[in-house]
Amino acid sequence: MGHNGFGGGHQLPGSLGNFNNLRSLDLSVNSFDGPLPNSIQHLTNLEIFDLHGNFLSGPIPMGIGNMLRMKRLDLSTNLMNGTIPNSIGQLGELAELYLDWNSWEGVLSEIHFSNLSKVEGFSLCLSPKKQSFRFHVRPEWIPPFSLNYIYISNYSVSSMFPNWLRTQKRLQGIILKNVGISDSIPEWLWKLDIELLDLSRNQLYGKLPNSLSFSSTALLVDLSFNRLEGRLPLWFNVSWLFLGNNLFSGPIPLNIGDSSSLEVLHVSGNLLNGSIPSIMSKLEGLVAVDLLNNHLSGKLPKNWNDLHRLYAIDLSKNKLIELTVVNRTPEFRVSHTRLKLSDNNLSGKLSPSLQNCMWHHSLDLGNSKFSGEIPKWIGERMSSLQHLRLRGNMFTGDIPERLSIGSDYDKGYTAYSDHMELVLKGQDLEFESILPIVNLINFSSNNLWGEIPEGITNLSTLGTLNLSRNQLTGKIPQKIGAMQGLETLDLSCNRLSGPIPPRMSSITSLSHLNLLHNLLSGPIPSTNQFSTFNDPSIYEANWGLCGIPSSANFSTPNDQKHKDDQDGEEDEDGRCMTWFFISFQWDFGLYVAVWL
């Protein structure tokens with residue numbers, strides 16, 4: 001009866017315990033709420049009890065220890081709380097125990113595992129929010145079970161690497177993520193036949209084996225966000241390798257092309273230097289490569305043409321000097337592709353070869369030294385772009401009349417994280433999200449002139465439009481009210497004139513607006529969405545505007561600017577104050593509204 005939407009806000013009935021001959025009960029992914037009835041202790045013949053994905057609350061009944069034939073118990077992804085009863089350790093037939101994503105309190109100790117000699121899989125991952133839960137066993141503890149996998153995350157386990165894991169000779173999956181370990185990785189771990197290893201977000205230190213071959217293909221190894229150092233290790237038979245945000249240094253190994261199983265390479269935020277080896281072109285299965293924020297130099301690789309599965313490349317924040325692009329023929333189209341080359345030493349005009357790339361999702365060439373006009377083919381050929389970032393270059397000329405930002409997207413390839421960098425008063429802030437950011441065009445901080453093209457108003461699904469700090473003239477397009485998906489609009493620090501189009505007030509999704517430092521005139525609309533804009537600083541230095549709202553009783557960005565000026569801080573480029581409003585929505589990922 002799982003996955004049927006049963007419950008509808010109802011609790012599990014106390015009469016459930018009358019079905020004492022029941023052997024399997026699957027009520028997963030329904031809508032049951034409230035506590036588990038104490039009567040479940042009478043289900044003494046039950047072997048499979050699956051309630052994951054409901055809205056159950058309260059503690060696990062103490063009588064659960066009477067369900068002695070239980071082989072699989074899954075209470076994950078509910079709203080349960082309280083302490084886990086010691087009686088769970090009496091379930092001697094239990095093979096699988098899943099208690100993830102609840103709000104447990106107290107301590108999980110040896111007594112909870114006292115008679116669990118048949119357990120093969122244990123999973124108890126919690127939310128990364130502050131937890132009052134911890135896992136505590138003696139260093140010399142020898143468990144009664146032999147696990148195939150253990151998944152634990154986001155609560156305290158031990159400052160030392162758990163020594164009892166050494167007794168688990170059959171382990172194939174280990175997740176000890178964000179559990180407070182501050183230790184080196186023991187040698188015995190590398191002798192296990194691992195398929196999944198996640199030790200990320202701890203304080204692990206020391207060096208890793210330079211060369212390692214797992215006996216079978218490891219699907220994922222994630223050691224990111226630690227303090228590991230030394231040369232970048234070369235591991236064979238690993239499909240997804242995450243070593244980002246550590247202290248690895250030196251060049252990328254020249255024999256990395258021998259890692260034929262590699263699909264995802266994520267080594268951002270390290271101290272890697274040298275050039276990107278051309279031998280990487282031998283990694284025919286490569287899907288995503290992230291070398292963000294290292295010290296790599298030289299030219300971009302020219303021979304990645306045969307990497308037909310490669311869909312995401314992030315080489316931002318390095319010292320690369322020449323743009324040579326993977327050539328995508330029109331017959332080969334990759335959906336939801338990402339190319340990020342910002343914050344390098346790239347210069348000159350945009351290469352025409354870019355128009356053959358078919359980057360369907362994201363193109364980020366910001367904070368470089370590109371010059372010349374923004375080519376028309378960006379709008380004509382890249383019809384499905386959702387994130388176009390060209391800020392901080394030396395582009396001149398008009399904005400292309402035709403720009404097309406796609407409206408269709410999905411959750412993307414979860415091996416690759418979107419990065420969005422913001423700069424606030426000279427401080428770099430970086431936000432990361434697995435899901436795509438709202439559709440975005442950012443042409444800020446260039447030297448673009450001419451009028452805002454009327455065709456841009458056809459982008460009805462565009463979420464963010466930032467054209468600030470240019471030399472744009474003319475009027476705000478009258479049809480801008482057709483951009484009903486717009487949430488953030490920044491036209492500040494230009495030379496726009498004329499009135500604010502009354503139809504702008506019909507953009508009901510618009511929540512962040514910045515029009516300061518232009519030549520706008522006439523009345524400010526006061527109806528619909530404009531009635532929510534109570535901050536007068538978004539209109540300042542438009543001397544012809546009338547009807548500016550009076551100051552509210554809260555600090556505005558302009559107030560903060562005045563305060564910062566008194567403190568001796570200056571605007572990052574001396575031309576126009578930059579400020580941000582940042583909002584988080586965890587339902588569907590991270591949404592960032594940007595004033596750049």
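Is Val-264 buried or exposed? Val-264 is buried, at a relative accessible area of 1%, where buried means under 20% relative accessible area, exposed over 50% and partly exposed in between (1.4 Å probe, protein chains only). Here are some notes to go with the model.

1. **Ground rules.** This is a predicted model, in which local features need pLDDT of at least 70 and side-chain atom pairs count only at pLDDT 80 or more, while totals for chains, interfaces and linings use all residues. Residues are numbered from 1 along each chain as its sequence is written, and side-chain values use heavy atoms, with hydrogens and water left out.

2. **Overall make-up.** You will find 2 helices and 41 strands in the protein; helices (H or I, at least four residues) and strands (E, at least two) are DSSP runs, numbered from the N terminus. The protein has 596 residues, and 55% of them count as buried. About 25,200 Å² is exposed, with carbon and sulfur atoms supplying 50% of it; these areas come from the Shrake-Rupley method with a 1.4 Å probe, and for residues only the protein chains shown count as cover. Take the contacts (heavy atoms within 4.5 Å) between residues at least 6 apart in sequence: 54% join residues at least 24 apart.

3. **The largest core.** A nonpolar core is a set of buried Ala, Val, Leu, Ile, Met, Phe, Trp, Tyr and Cys residues joined through side-chain atoms within 4.5 Å. The largest one holds 141 residues, and Leu-124, Ile-174, Leu-199, Leu-223, Leu-513 and Tyr-539 touch the most other members. Among the elements giving two or more residues to this core are strand 8 (103-108), strand 15 (211-222) and helix 1 (377-381). For a look around one member, try Leu-199: beyond its neighbours within four places in sequence, its contacts include Phe-161, Ile-174, Leu-204 and Leu-223.

4. **A second core, and Val-264 again.** Apart from the largest core lies another, of 7 residues, among them Phe-242, Val-264, Val-287 and Ala-312. Val-264 sits in strand 19 (residues 264-266). Its C-alpha atom is 9.1 Å from that of Leu-220, and the two residues are 44 apart along the chain.

5. **Cysteines.** The structure holds 0 disulfides (a disulfide being a pair of cysteine sulfur atoms within 2.5 Å). Cys-125 counts as buried because its relative accessibility is 8%, whereas Cys-546, at 41%, counts as partly exposed.

6. **A five-strand sheet.** Two strands pair if DSSP finds at least two bridges between them. One open sheet of 5 strands has the order 2-4-6-8-10, with parallel pairing. Its edge strands are strand 2 (33-34) and strand 10, each pairing on one side only. Strand 8 and strand 10 run parallel, joined by 3 bridges, and Leu-108 has Phe-135 in strand 10 as its bridge partner.

7. **A three-strand sheet.** Another open sheet, of 3 strands, follows the order 38-40-41 with parallel pairing. Strand 38 (497-498) and strand 41 (544-546) each have a single partner strand, so one side of each is left without a neighbour in the sheet. Strand 38 is joined to strand 40 (residues 519-523) by 2 bridges, and Gly-498 stands opposite Leu-520.

8. **Glu-229 between two strands.** Strand 16 (residues 227-231) pairs in the parallel sense with strand 14 (residues 205-207) over 3 bridges, and also with strand 18 (residues 247-250) over 3 bridges. Glu-229 in strand 16 stands opposite Lys-207, and its bridge partner in strand 18 is Leu-247.

9. **Salt bridges.** The whole structure contains 9 salt bridges, each a side-chain nitrogen of Lys or Arg within 4 Å of a carboxyl oxygen of Asp or Glu. In one of them, Glu-47 meets Arg-23, with the closest N and O atoms 3.3 Å apart. Both partners are partly exposed: Glu-47 at 22% and Arg-23 at 46%.

10. **The Arg-72 network.** Arg-72 forms a salt bridge with Asp-50, at 3.1 Å between the closest N and O atoms, and another with Asp-74, at 4.0 Å. Arg-72 counts as partly exposed at 23%, while Asp-50 is buried at 6% and Asp-74 is buried at 5%. Through shared partners, salt bridges join Asp-50, Arg-72, Asp-74 and Glu-96 into one network.
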